[in-house]
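Could you walk me through this protein in plain words? I'm new to this and would like to know what to look at.

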Amino acid sequence: MFWTIPTLMTWARIVAIPLIVGVFYLPIDVGTRNLIATVMFVVFAATDWLDGYLARKLNQVSAFGAFLDPVADKFLVCACVLVLVHLGRADVFVGLIIIGREIAISALREWMAQIGASRSVAVHMIGKLKTTAQMVAIPFLLFDGMLFGQINTHAWGVWLIWIAAIMTVWSMVYYLQKALPEIRSRVK
């Protein structure tokens, strides 16, 4: 199950990272760089839904795919957040909150899986809402201009990335609260 279509789509999200970052080093005008990076992010982010759908539809669900999928998502989001911080389009505190939470919750989930309590930190609706806010904010901030001459993507993106950061903290607290009983029962 290492080279299935769904798994290749997941790998594509990881391969996309240096491509998206590299766009900002091209000797072309800023607007074109922003547009290319935005389109690339949207296309590769859409593979997150599509690879899961295809894995189920083609009966190619695998343990490796289940492991790689969230890793690819986290790499893509964290890399783009770092690019946005570097470009001055996102605050460094937003970057620290989002990336710090991803590291902390990934470690928590790993530990909970090792002790057989992974169900207590299963994905919850607050985590999905956080991801949705991030996945809208990031392309808005990558585009960083007027969309259709009407929508100031920078302004909307800044609001959404801060909302995502708040939801990030909220979801981390939620997952930690769910894990706390298991943690307390195992820590001496």
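R119 is a good place to begin: its relative accessibility is 79%, so it counts as exposed, since anything over 50% earns that label. Keep in mind that you're looking at a predicted model. To find R119, go to the loop between α4 and α5. Now look for K178: along the sequence, R119 and K178 are 59 residues apart, yet in space their C-alpha atoms sit 9.4 Å from each other.

Next, follow the chain back to helix α4, which covers residues 92–114. V92 is part of this helix. Is V92 buried or exposed, or something in between? Its relative accessibility is 45%, so V92 counts as partly exposed; the in-between class runs from 20% to 50%. V92 also has company: together with F93, L96 and W162, it makes up a nonpolar patch on the surface. Those four residues add up to about 420 Å² of accessible area. Helix α4 contributes the most to this patch, with three residues.

Now for the helices on the other side of that loop. When two helices pack together, people describe them by the angle between their axes and the distance between the axes. Try that on α5 (residues 125–143) and α6 (residues 153–186): their axes come within 8 Å and cross at roughly 155°. Because that angle is over 145 degrees, α5 counts as roughly antiparallel to α6. As for handedness, the crossing of α5 and α6 is left-handed.

Notes:
Residues numbered from 1 in each chain as written. Predicted model: local features only at pLDDT ≥ 70, side-chain atom pairs only at ≥ 80, totals over all residues. Heavy atoms only, no water. Patch = residues over 30% accessible without salt bridge, like charges linked within 9 Å, V, L, I, M, F, W, Y side chains within 5 Å. Areas by Shrake-Rupley, 256 points an atom, 1.4 Å probe, with all protein chains shown as cover. Salt bridge = Lys/Arg side-chain N within 4 Å of Asp/Glu carboxyl O. Helix = DSSP H or I, 4+ residues; strand = E, 2+ residues; numbered from the N terminus. Buried < 20%, exposed > 50% of the residue type's maximum accessible area, 1.4 Å probe, protein only. Axes fitted to C-alpha atoms, helices over the stretch in contact; angles between N-to-C directions. Parallel < 35°, antiparallel > 145°, perpendicular 65-115°, else oblique. Left-handed = near helix turned anticlockwise from the far one by under 90°.
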